[in-house]
Amino acid sequence: MSVRILLCDDHVVVRAGLLALLGSTPDIEVVGEAGSGEEAVAMAAKLKPDVVLMDLQLGAGIDGVEATRLIAPTGVHVLVLTTYDTDADITRAIEAGATGYLLKAERPEELFAAIHAAAQGRTALSPPVASRVMDRMRGAAGPSLTDRERDILGQLGRGLGNREIARALFISEATVKTHLGRIYAKLGVDTRAGAVAVAKERRLLP
């Protein structure tokens, strides 16, 4: 079974190039072309393709993100194909329901593979985009704490001072201070109260 594709790009030359490229592979069939977000939404509802290949910047009218937001809930998969790889663009597209995000600089084989992946509902991301997504996820989670740092943070949450923490964990006060410095740096705070507040917010305390 070939994958049925709807192209959406406001540049006629780009659509013609994609049409020629996708026409060179027997298991992908282009069933329609749209030059605007509104056209894409209407044609997706009418043609029910497996995948909409969506550009982000579409000139006047709704952009690719808004079109994706309207198309994705209907069960049609949207694969973004664009030159834009900013964090904001990637985040907006994925939050709108895009199944994948591909850059136009990718090789044809990568595009074909991404189209087949998207048709099956699997995420398809260009390597640079995947790296950005992972970096953002790591940043949101924050730097990881060691087991010892978590122990000390737990004692801080109980309101213990450095000497009491040292006794409870059988380590020296100097070691406690060293660990506290690292904990503050990782949590982006400079006080005990700040560390406890952030730890509670991130659910790092037992």
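UniProt positions are given here in the numbering of this chain, and such annotations may be inferred rather than shown by experiment. With that in mind, the unreviewed UniProt entry puts "modified residue: 4-aspartylphosphate" at Asp-55. The model looked at here is a predicted one, and Asp-55 makes a handy place to start.

The same record also gives a wider stretch: "domain: Response regulatory", again from an unreviewed entry, is listed for residues 4-119. Over residues 4-119, helix makes up 45% of the chain and strand 22%. The C-alpha atoms at the two ends of that stretch sit 9 Å from each other.

Now for Asp-55 itself. This residue belongs to the loop that runs between strand S3 and helix H3, the latter covering 64-71. Its relative accessible area is just 5%, and because the cut-off for buried is under 20%, Asp-55 counts as buried. Setting aside residues up to four places away in sequence, Asp-55 touches two other aspartates, Asp-9 and Asp-10, along with Cys-8, Gly-64, Leu-81, Thr-82 and Lys-104.

Asp-55 turns up again when the structure is searched for enclosed space. One cavity of 30 Å³ or more comes out of a search of the whole structure, and the largest cavity holds about 40 Å³ of space. Its lining is made of Leu-7, Cys-8, Asp-9, Leu-18, Leu-53, Met-54, Asp-55, Leu-81 and Lys-104. By type, that lining splits into six nonpolar residues and three charged ones, with no polar residue in it. Two strands each put in at least two of the lining residues: S1, which spans 3-8, and S3, which spans 51-54. Cys-8, Asp-9, Leu-81 and Lys-104, which are in the lining, are also among the residues that Asp-55 touches.

Further along the chain comes helix H7, residues 147-157, and Glu-149 is found there. Although Glu-149 carries a charged type of side chain, the residue is buried, with a relative accessible area of 2%. A polar atom of the Glu-149 side chain lies 2.9 Å from the backbone nitrogen of Thr-146. Beyond its neighbours within four places in sequence, Glu-149 is in contact with His-179, Arg-182, Ile-183 and Lys-186.

Leu-153 is in helix H7 too. With a relative accessible area of 0%, Leu-153 is buried. Not counting residues up to four places away in sequence, its contacts are Leu-145, Ile-183, Leu-187, Ala-195, Ala-199, Leu-204 and Leu-205. Ile-183 is thus touched by Leu-153 and is in contact with Glu-149 as well. Leu-153 also pairs up with a residue well along the chain: Val-196 is 43 residues away in sequence, yet the two C-alpha atoms are 7.2 Å apart in space.

Gln-155 is another residue of helix H7. Its relative accessible area of 12% makes it buried. The contacts of Gln-155, leaving aside neighbours within four places in sequence, are Leu-160, Ile-165, Ala-168 and Leu-169.

Lys-200 gives a contrast to these buried residues. Its place is in helix H10, residues 192-201, and a relative accessible area of 57% makes Lys-200 exposed. Lys-200 and Arg-148 are 52 residues apart along the chain, and their C-alpha atoms are separated by 17 Å.

Conventions. Residues are numbered from 1 along each chain as its sequence is written. This is a predicted model: local features need pLDDT of at least 70, side-chain atom pairs count only at pLDDT 80 or more; totals for chains, interfaces and linings use all residues. Side-chain values use heavy atoms; hydrogens and water are left out. On a 1 Å grid over the protein atoms alone, a cavity is a set of points where a 1.4 Å probe fits but cannot get out, and a pocket is an open set with protein on both sides within 12 Å along at least five of seven lines; lining residues have an atom within 4 Å of a point. Grid points are joined across faces, edges and corners, and a volume is the space filled by probe spheres set on the points. Helices (H or I, at least four residues) and strands (E, at least two) are DSSP runs, numbered from the N terminus. Buried means under 20% relative accessible area, exposed over 50%, partly exposed in between (1.4 Å probe, protein chains only). Contact means heavy atoms within 4.5 Å. A polar contact is a pair of N or O atoms within 3.5 Å; within protein, one must be able to donate a hydrogen and the other to accept it, and residues adjacent in sequence count only if both atoms are side-chain atoms.
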